Structures are given as C-alpha cells and as structure tokens.
Amino acid sequence: MALRLVTHFDVLEDVLPSLLTQAATTDEGDRAGVLETTYGSLRVLNIERNGNIIYTYKDNKGNAVFGLYDCQTRQNEHLYTFEKDMQAVSCSVNSERTVLAASFIQYTTEGVKNDLQPGSKCLTLLVEIHPVNNVKVLKAVDSCVWVQFLYPQAESHLLPQNHLLLISEEKYIERFHIQITREDGDRVVIRNSSHLPRDRLAEDFVWAQWDLSEQRLYYIELKESRSILKCIQFRADESFNLMFEMPLDITLTGLRFKLVNFGYDYRQDREKLCNQPSLCIFTNHTGSLCMCYSPKSDSREEITYSVFYLHKGYRKIFTAAPGSADSQVTNGADSQVTDGIAFLNLGNNKIAAVLPPSPLQSLPGSLVLDCYSGKVYRVTLDQSYLLRFLWNAHLDCERMAALHCILSCSQDPGFPEEQIIQWISEHVSACHSFDLIQEFLIASSYWSVYAELDDMGMLLQYSSVLTWNTEIPGIKFTTEELPLPLMKVYGLKGYWAKLNSNLEYIKYTKPHLHYHNSVVRREWHNLISEERTGKRRSTMYVRNILENAMKVIASMETRTLEPRLIPFLQEEDRHQRLLMGLMVSELRDHLLRHLQGVEKKKIEQMVLDYISKLLDLIWCLLETSWRKHSMHPLVLHLNSHCSAADFEVFHLMTRILDAASSLCLPLPPGFHSLHTILGVHCLPLYSLLHYIDNGVLLLTETAVTRLMKDLDNSEKNEQLKFSIIVR
C-alpha cells in the first residue's frame with residue numbers, strides 16, 4: 001500500500017492501562033470486572049481542536065464515564081461519570097475543561113423511572129465539572145443530537161462566554177451562548193443556565209462537516225430541489241459569518257442525513273451507511289478548496305468519485321475497480337463490508353481515496369482516526385513502497401504517478417533523491433508517452449520550492465505534460481471545467497482573501513499563469529544572433545544578465561559539498577550564462593507580477609534556488625551515471641579507446657540536451673564542451689560530423705582547443721581536425 005500509517009494514539013495502549021491502574025485500589029474481582037467491562041465499551045467519541053481526545057466507557061456498575069487524553073502531556077484525566085446506563089452519542093468539553101456537553105441514547109425499562117427526562121429517546125446534557133456540580137438538560141427529544149464546543153483561535157485568549165454547537169438529526173443546527181462565572185475561588189458555574197441564548201444557524205440541511213482546525217462549518221441545504229453548499233466561519237471574537245454559498249451540480253440521491261467530523265455514530269447500520277454518497281471538503285492555507293464526492297453506488301465492480309478543485313475551476317472524475325492490481329484506489333479488505341469510499345487529507349494538497357474496512361475520520365496534520373479500533377494514525381506517502389513501485393513499474397502511467405508521488409515528499413526526512421536519480425539515469429529511454437528527463441527536472445525543481453510560497457502551484461509548472469491522453473488500465477478519468485463564477489466569497493481576510501484571489505485568477509486568466517520560457521527563448525536567440533553579427537545591446541543590460549548567472553553558479557557551488565567527478569563550472573560558456581541569467585530575470589519578474597506583497601528579496605532567493613536546483617539535478621544525473629563505472633574524475637584521453645562508461649555518459653548527455661533544448665532550460669557551464677569531447681571519443685567520424693552539422697554537438701572554443709592539442713597527427717586525426725576547422 002502506498003500509504004504509511006504510524007500510530008499516534010491507541011485507546012487500548014494509551015488509555016486502558018491508566019484505567020486499570022485506577023482500578024488497582026479495588027479487590028482483584030472488581031479489577032477483573034473493570035478490565036472486561038471497560039475493554040468492551042472503551043471507544044473514542046471526539047477529538048477537539050487542540051488535539052485532546054475524548055473517550056467514553058462503562059465502569060463495572062454500568063455507569064457511563066467520560067475521560068480526556070491530553071496529547072501534549074500524554075496523561076489521562078477523568079471528566080465526569082453519569083450514574084446511569086446510557087449509550088453516549090457525542091461529547092465535547094470547552095477549552096478550559098470546566099464545562100462538558102454530552103448526548104445519550106437512553107435505555108429505559110418498564111417500571112424503571114428515568115430521573116433526568118422520562119420518555120425521551122435522546123438526552124443532551126450540559127454539566128459543570130470544575131468541580132462537579134449542576135447538570136442541565138439542553139434537549140430531550142426522540143432524535144439524535146451531536147455537540148461541539150467552539151474553541152478560540154489561541155488557548156491564551158479565553159473568553160467569559162463559551163459557545164456550543166448543537167446538531168440535530170431533525171436537520172437543524174443551533175449555537176448556544178454559555179456565560180461562565182467563578183464563585184468561591186475556582187468554582188466554575190454556568191450563569192442563568194435555565195435561559196441560555198441560542199442562534200439558529202441552519203435548517204433543512206442533509207449534510208454537514210466540521211473543520212475543527214479552522215473552526216468552520218460546511219453544510220448543504222436543499223432548496224427547491226437544488227443543493228446549496230454553505231460555509232460559516234466562527235471567529236475568536238465570538239462572531240460568525242456566512243462565507244459563501246454555492247449551488248452544487250451533483251446527485252445527492254440516497255443522502256438522508258450525514259455528518260462528517262462530528263464523531264462516528266456507532267448505532268448506524270453499516271450496510272445503509274455504505275449506500276449513502278460520500279462527500280467531504282479539504283482546504284489549506286494557500287487558499288485551496290477541494291470537494292471530494294462519491295455518489296451512491298450499487299455496483300461492487302467499480303467505484304466512481306470526483307475531486308472538485310474549486311479554487312482552480314475544474315473537477316476530475318475517476319472510475320476505478322477497487323482492489324484491482326492496476327487501481328490506485330485501495331481496498332482494505334475485499335471480504336468485509338466497507339463504509340463507502342473515504343477521502344484522506346495528507347497535507348500539501350495531497351488527497352488519498354481509500355476503501356477502508358472500518359470508518360475513518362480525516363483530521364488536521366495528516367492524522368486519521370480509525371473509529372472502530374480507536375487508533376489515530378499519522379498518514380504519509382510510503383517513500384520506500386513508492387521507490388520499489390517505481391523500479392518495478394512497466395507502464396508509463398505507473399512511472400509518472402509514482403515519480404510525482406515520491407517527488408512530492410522531497411521536503412520529508414529520508415527523501416531518497418539519490419535512488420530516484422539513479423533510476424532516472426538507468427531508464428532515460430523507458431518512457432514513450434513523455435520525456436522522463438523533462439518530467440524529472442520540472443517536477444523536482446517545482447517541489448524543491450513549493451513550500452516557500454503559497455501560490456506556487458498556480459505560478460510554476462509541476463509537469464512537462466499538459467494533458468494525459470494515454471489509457472490507464474483499470475482507471476478512467478476525465479477533466480471538466482466548472483461554470484464560472486463558482487461562488488462569491490463574503491469575507492476577505494486570511495484564508496478567504498487567498499481563496500477569493502484564486503477565484504479571481506481563474507475568472508479572468510485563461511490559460512493559467514504557469515511560467516514558461518517562451519520569452520526567454522526568443523530573447524536568448526536574439527542576444528546570440530546580435531553577438532554573432534557584431535550588434536551589441538546596452539552594456540548594463542548584458543552585465544545584469546551575467547551577474548544573475550553568477551548568482552546561480554554561486555548557489556550551485558553551495559550545493560556541491562563533496563568533490564564532483566564530472567568537470568563542470570570550469571569555463572566561461574557565455575551562451576549558457578546568458579540563458580541562465582535571462583531565466584532568472586524572467587522568472588523573477590513573473591513571480592513579482594503575481595505575488596504582490598511578498599518581499600522582493602525572498603522571491604529573488606527562491607528563483608536562484610529553483611534554477612540552481614535544476615542545474616544541479618542535471619549534474620547529479622551525470623555524476624550518478626559515471627560513478628557506476630568509476631570513482632575517479634572523468635578525464636578524457638582522446639587517443640585511448642572509448643569505454644562503456646564514456647558511451648553511457650555521452651548517451652545520457654545527448655538525452656539531457658534534447659530535453660533541455662525543447663524547454664529552453666539552461667545547462668551547467670562546460671556541458672557542451674564535455675559533450676563534444678565525449679562525442680569525438682565515442683562516435684565514428686561520419687556520425688560525429690552529422691551530430692555537429694545538426695547542432696547536437698557544439699564546437700566550443702574549449703572543445704576545439706582540446707582536440708587540436710590532444711590529438712596526434714595520424715591520417716585519421718588529421719581528417720578529423722580538418723573537418724572541425726572547416727566547420
């Protein structure tokens with residue numbers, strides 16, 4: 001499996017031993033009873049914004065107990081015990097841990113009086129727990145209720161008023177205002193608990209999702225047979241705003257009532273659950289807004305899902321056979337009933353679609369809660385698996401997918417760049433649907449600077465392939481443009497300003513704003529032509545370009561901590577320096593034009609990092625190829641025989657030259673001289689002259705001087721020298 005799961009929390013390992021230690025004060029019979037009762041009932045109910053985990057269990061008297069696991073101190077804290085046999089549905093605690101809200105399903109038997117609220121199916125209670133004091137009934141109804149306290153943006157900014165969301169199965173959402181006061185020192189009580197003010201936030205909704213990290217509520221309302229997606233942002237100053245509303249062009253057939261990230265409803269029939277559509281929303285700080293959707297499906301042969309890149313104005317629709325060898329949609333256990341497709345946010349704009357054997361809840365920080373086992377995992381792409389997959393892949397689509405997945409991990413610890421470069425150098429001719437070297441250079445350079453600026457995905461190319469038109473076995477996909485305008489954003493601060501900026505880009509800019517070297521190519525050819533004809537540009541203009549190149553070379557030299565065996569950066573190579581400097585100038589201007597407000601110095605450094613990384617990758621490809629055969633520097637003796645290492649490096653340089661030329665990418669100074677000298681060494685005369693006449697090999701001053709000096713005056717070499725001089 002391409003995903004790597006590392007256990008972050010395990011309710012049986014991090015909670016159960018603590019509970020058994022508490023029970024050690026009782027006799028052994030009771031302790032054994034605690035183990036049996038607790039083990040069977042212990043489960044995670046909720047995870048708060050600060051990462052603290054709320055769990056529940058039954059003690060050996062059948063009482064419902066709530067506890068909290070502090071993710072910072074890794075300690076457990078008892079919150080409250082309800083001395084009733086009730087099944088907990090939902091629970092939340094305020095950030096100060098002074099007030100607890102919980103909802104229950106009541107188990108009442110004939111003749112047994114319910115002291116809290118007789119005759120009601122579901123109870124929602126508000127409890128003072130610092131110290132344990134009053135219990136208030138918020139709701140006593142026949143439908144289920146879920147609760148969630150709002151958390152301020154900073155733990156240090158604590159308010160005298162708490163806010164509690166209440167989500168009802170009767171399809172409405174309310175916010176309660178809870179005034180907190182302190183009496184007799186630290187005793188916390190709820191003021192006017194019998195008359196708590198409330199707001200009705202939503203009605204007639206069929207789906208809602210809670211974003212615990214950003215304190216946002218997404219929900220879908222049905223209006224006149226139309227589905228409207230809305231979002232409410234809760235702020236630290238107690239206010240809230242409707243941020244957008246957008247009509248959805250999707251089929252919600254079978255969606256009766258579904259909540260995401262409000263805790264798992266353990267009472268639901270899993271067969272019914274998996275027949276409902278799956279829908280969730282992911283965002284990140286760059287202003288991205290993705291909606292993942294899988295319609296209700298009666299087929300077990302294939303699964304269809306869509307990813308709406310709302311901030312980019314299009315969606316991708318995928319159809320795949322779950323669990324098949326070619327499908328990247330993972331089926332956890334084909335023999336078990338799954339809860340439908342689950343979408344996981346892996347961070348950095350990476351989303352995984354999986355078919356898990358048990359329900360999952362995607363959490364901030366690339367965390368995932370397995371609701372059945374009570375484990376929280378940190379989920380990342382498995383670099384070792386992806387590397388093995390890359391080496392064993394036979395199809396171009398597999399190579400492309402694996403390469404991009406593993407390169408997206410370039411900022412992670414243990415990134416295997418050397419093994420990837422080795423694979424590239426040994427498979428330069430393996431792909432027919434795309435140029436492998438181009439793809440590697442563009443994608444690697446992109447991911448090397450991706451994290452530095454928020455809008456990088458919109459401004460830099462991450463692939464040399466604009467559209468993929470080759471069939472992918474086991475998977476069908478299409479891309480559809482979304483009708484514009486998509487939505488109107490009502491707030492323009494923070495994330496919402498960036499989202500609005502992205503929406504404005506897609507509204508007014510076609511095609512998208514990816515940088516390309518067309519202007520550089522034209523200007524570079526003009527400069528070279530002018531130098532050949534004796535025309536000269538402004539001395540200051542050319543000097544600035546060459547100074548840009550010097551900065552790139554200086555940046556490259558800082559990357560080469562160990563001595564290199566391939567002799568680059570040892571000659572002037574004016575043409576490559578001009579190309580290098582022009583690319584610095586154009587890329588810098590492109591980013592400055594679209595990244596207003598970003599410090600110019602930061603952009604300049606990022607441009608230098610991007611171009612020096614690209615050049616260093618070319619150098620590393622050739623180093624890796626040469627080191628397979630020799631650990632000594634590449635020193636050419638033109639009168640000796642061509643070795644396998646010479647020919648392999650020459651072939652690789654030819655492929656690199658072809659890839660770089662079509663994209664107008666610069667090459668390390670000295671590349672052309674070494675390439676030509678290797679060509680003389682490796683090719684018969686007629687092939688050598690053919691390469692020279694077609695512009696593959698360039699007769700640089702360094703290369704020609706070396707040839708005239710090193711070659712003796714044999715008849716064969718005299719013919720070669722004459723042919724070179726003529727040209």
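**Exercise 1. A leucine and its patch**

In which helix is the place of leucine 12? Then work out whether leucine 12 is buried, exposed or partly exposed.

*Solution.* Keep in mind that you're looking at a predicted model. Start with the location: leucine 12 sits in helix α1, which covers residues 11-14. Next, look at the accessibility. Leucine 12 has 30% relative accessibility, so it counts as partly exposed, since that label lies between under 20% for buried and over 50% for exposed. Finally, look at the company it keeps: Leu12, Leu35 and Tyr39 make up a nonpolar surface patch, and together they have about 270 Å² of accessible area.

**Exercise 2. Two packed helices**

Describe how helices α6 and α8 pack.

*Solution.* Two packed helices are described by the angle between their axes and by the distance between those axes. Find the helices: α6 runs over residues 396-407 and α8 over residues 436-449. Their angle is about 25 degrees, and the axes are 10 Å apart. Angles under 35 degrees count as roughly parallel, so α6 and α8 are roughly parallel to each other. One last detail is the handedness: the crossing of α6 and α8 is right-handed.

**Exercise 3. Pairs of opposite charge**

How many salt bridges does the count come to? Pick out a few and say how accessible their partners are.

*Solution.* Side chains of opposite charge can pair when their charged atoms come close. Here the count comes to 26 salt bridges.

- Take aspartate 199 and arginine 175 to begin with: their closest N and O atoms are 3.2 Å apart. This pair links distant parts of the chain, with aspartate 199 in strand β14 (residues 198-203) and arginine 175 in strand β12 (residues 172-183), 24 residues apart. Aspartate 199 is partly exposed at 24% relative accessibility, whereas arginine 175, at 4%, is buried.
- Now try glutamate 203 and arginine 200, whose closest N and O atoms are 3.0 Å apart. Glutamate 203 has a relative accessible area of 42%, which makes it partly exposed. Arginine 200 is also partly exposed, at 44%.
- Glutamate 572 and arginine 577 meet in a salt bridge too, at 4.0 Å from N to O. Glutamate 572 is partly exposed at 47%, while arginine 577 is buried at 10%.
- Some bridges share partners: Lys139, Glu174, Arg198, Arg200 and Glu203 are joined into one network that way.

**Exercise 4. Backbone oddities**

Which peptide bonds ending at proline 131 and proline 485 are cis? And where do asparagine 192 and aspartate 573 lie?

*Solution.* Recall the background: most residues other than glycine have a negative phi, and most peptide bonds are trans.

Go through the bonds. The one from histidine 130 to proline 131 is cis, with omega near -5 degrees, and proline 131 is in the loop between β8 (122-129) and β9 (132-141). Leucine 484 and proline 485 are also joined by a cis bond, with omega about -5 degrees. You'll find proline 485 in the loop between β30 (475-481) and α10 (495-508).

Then check phi. Asparagine 192 isn't a glycine, yet its phi is positive, about 50 degrees. Its loop lies between β13 (187-190) and β14, and with a relative accessible area of 56%, asparagine 192 is exposed. Aspartate 573 has a positive phi near 50 degrees as well. Aspartate 573 lies in the loop between α12 (539-559) and α13 (574-594), but at 12% relative accessibility aspartate 573 counts as buried.

Notes: Residues numbered from 1 in each chain as written. Predicted model: local features only at pLDDT ≥ 70, side-chain atom pairs only at ≥ 80, totals over all residues. Heavy atoms only, no water. Patch = residues over 30% accessible without salt bridge, like charges linked within 9 Å, V, L, I, M, F, W, Y side chains within 5 Å. Areas by Shrake-Rupley, 256 points an atom, 1.4 Å probe, with all protein chains shown as cover. Salt bridge = Lys/Arg side-chain N within 4 Å of Asp/Glu carboxyl O. Helix = DSSP H or I, 4+ residues; strand = E, 2+ residues; numbered from the N terminus. Buried < 20%, exposed > 50% of the residue type's maximum accessible area, 1.4 Å probe, protein only. Axes fitted to C-alpha atoms, helices over the stretch in contact; angles between N-to-C directions. Parallel < 35°, antiparallel > 145°, perpendicular 65-115°, else oblique. Left-handed = near helix turned anticlockwise from the far one by under 90°.
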